[in-house]
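Let's take a walk through this fold together, from its sheets to its helices and the side chains between them. Please keep the sequence and the structure open as you read.

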Amino acid sequence: MTIHRLQIKNFRNIPSAEIHPVEGINLFVGENGSGKTSLLEAIHLLSLVRSFRSKKLKSLIHHEAERFTVFAQIRMLDFSLASLGVQRGTQDDETEILFRGVRPSGVAELTSELPVQLINPDAFRLLEGSPRERRQFVDWGVFHVEHEFIYCWQRFQRALKQRNSLLRHGRIDTLQLQLWEKEIALNGEQITAYRQSYLDHLKPLFEVLLQRFLEGQLLKLVFQRGWDKNISLAESLETSRSRDIEQGFTQSGPQRADIRISVDGRPAMDVLSRGQQKLVVSALKLAQGELLAVAGKKQCVYLIDDLPAELDKHHRSIFCQVLEEQAGQVFITSVDEEALAYGWQQPEKNAWFHVEHGQISPKALS
């Protein structure tokens, strides 16, 4: 899936823009505050109906405007075109979403049809952020390759919510508690099996990319499932019941899972430079896109904000070569045209755009 045409109106500092990106590499150059990141944010919105910079969609409306609209024609795998639009007004309580002319069943439908991977300064949270960030990373991938995952996750979340509600009550209904524990255990074990299988397939791709990005560095990726590996989830829930009652929430299960990336037994974030960390995070996300193309038979759209930042010429060149080899569509921003032009094997295939004061126009490389 690729974006064939993109229209943006009254979104952030972009009053009006229309672009026709190529299916490969699209490069956007402009000064700080010109609208480059807003462009990536608009594409991200089409996939997830949320911003990566703000929790409130109303704040994305261009000043003095009444609503924003982001519209795209998506090229599907069968080469047909599908329309996708997201709109929000200052007076609206809900966001209007239309896919193929009708409201989708949920955000999951959009995410499935337009998979988007974001590599920006916040991506470092995969290494230095909370376990929740890393669980979301894994679950994004599992969602796209295991069709039953979303339903299993929904059943697990419902059961977990019910158990936690019972734990917070002064008087515990043991029969109800056991009922919800059975549901948690059944779905929690399945979620964990999905995650483990996914990571088993992701690791080889990740390791190959790491060898290209960080030759000589030996990194280890370990999955921690969220409870004692020597017992079942049902056993863990039963043995921790008294402690859970005291704490008022469930402390064992896939909601506590994490992945750890280390170098010689030490957290990667404590050992690697900022540039090396960016390459590790990028390798993870690019490996996800590669696995998605193989297992999910989908193309990923990559949004890369300020690619040259933190990277020297050598590693920037390797990064560019890897992006050219990926099957997905790529949108890259930078303030530095010269730095962004360096490292491509087939620069003639790239599309260049100039961004200035919210206006986006095609440009020839100088």
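What follows goes through the sheets, then the aromatic and charged side chains, then two helices and a few unusual backbone angles.

Please bear in mind that this is a predicted model. A good place to start is the sheet of five strands, which is open and has the order 2-1-4-5-6, with antiparallel pairing. Its edges are strand 2 (14-19) and strand 6, each of which pairs on one side only. If you compare the directions of neighbouring strands here, ignoring which way they run, they are turned by 10° against each other on average.

Let's follow this sheet to its edge at strand 6. Strand 5 (residues 81-89) and strand 6 run antiparallel and are joined by four bridges, and the connection between them is a hairpin of six residues. Two places to look at are Leu84, which stands opposite Phe99, and Val86, whose bridge partner is Ile97. Which face of strand 6 (residues 96-99) is covered, and which is uncovered? Ile97 and Phe99 make up the covered face, while Glu96 and Leu98 are on the uncovered one. The bridge partners you have just met, Ile97 of Val86 and Phe99 opposite Leu84, thus belong to the covered face.

Staying with this sheet, you can next look at its aromatic side chains. The structure holds seven aromatic pairs. One of them is formed by Phe11 and Phe68, which meet edge-to-face with 5.2 Å from centre to centre and 90° between the planes. Phe11 belongs to strand 1 (residues 2-11) and Phe68 to strand 4 (residues 67-75), so this pair ties together parts that are 57 residues apart in sequence. Are these two rings buried or exposed? The cut-off for buried is under 20% relative accessible area. Phe11 has 0% relative accessibility and therefore counts as buried; Phe68, also at 0%, counts as buried too.

Elsewhere, ring pairs link Phe149, Trp153, Phe156 and Tyr194 into a cluster. Rings also meet charged side chains. Arg274 lies over the face of Phe124, 3.7 Å from the ring centre. The charged end of Lys313 sits over the ring of Tyr342, at 4.7 Å from its centre.

Lys313 takes us to helix 11, which covers residues 313-325. How does its span agree with its 13 residues? At 1.5 Å a residue, the expected span is 18 Å, and the end C-alpha atoms are 19 Å apart, which agrees. At the N-terminal end, Asp312 acts as a cap: one of its side-chain oxygens lies 3.2 Å from the backbone nitrogen of His314. Further along, the buried residues of helix 11 are Arg316, Ser317, Ile318, Phe319, Cys320, Val322 and Leu323.

Helix 4 (residues 131-145) can be checked in the same manner. Its 15 residues reach 22 Å from the first C-alpha to the last, close to the 21 Å expected at 1.5 Å a residue. Among the buried residues of helix 4 are Phe137, Val138, Trp140, Val142 and Phe143, but also Arg134, Arg135 and Asp139.

Now let's return to the strands. Strand 3 (residues 25-29) and strand 13 (residues 351-356) run parallel, joined by four bridges, and Leu27 has Trp352 as its bridge partner. Strand 13 also pairs with strand 14 (residues 359-362), here in the antiparallel sense and over four bridges, with Ser361 as the bridge partner of His354. Two residues lie between the strands in this hairpin, where His357 takes a positive phi near 50°.

Another open sheet has three strands in the order 8-9-10, with antiparallel pairing. Strand 8 (219-224) and strand 10 (266-267) are its edge strands, each pairing on one side only. Strand 8 is joined to strand 9 (residues 258-263) by six bridges, and Phe223 stands opposite Ile259 there.

Finally, have a look at two loop residues. Glu64, in the loop between helix 1 (36-48) and strand 4, has a positive phi near 75° without being a glycine. Glu310, in the loop between strand 11 (301-304) and helix 11, has a positive phi of about 75° and is not a glycine either. Glu64 is exposed, with a relative accessible area of 82%, whereas Glu310 is partly exposed at 47%.

Methods: Residues are numbered from 1 along each chain as its sequence is written. This is a predicted model: local features need pLDDT of at least 70, side-chain atom pairs count only at pLDDT 80 or more; totals for chains, interfaces and linings use all residues. Side-chain values use heavy atoms; hydrogens and water are left out. Buried means under 20% relative accessible area, exposed over 50%, partly exposed in between (1.4 Å probe, protein chains only). Two strands pair if DSSP finds at least two bridges between them. Rings of Phe, Tyr and Trp (its six-membered ring) pair if their centres lie within 6.5 Å; planes under 30 degrees apart count as stacked, over 60 as edge-to-face and the rest as tilted. A charge sits over a ring if NZ of Lys or CZ of Arg is within 6 Å of the ring centre and within 35 degrees of the ring normal. The expected span of a helix is 1.5 Å times one less than its number of residues. A polar contact is a pair of N or O atoms within 3.5 Å; within protein, one must be able to donate a hydrogen and the other to accept it, and residues adjacent in sequence count only if both atoms are side-chain atoms. Axes are lines fitted to C-alpha atoms, for helices over the stretch in contact, and angles run from 0 to 180 degrees between N-to-C directions.
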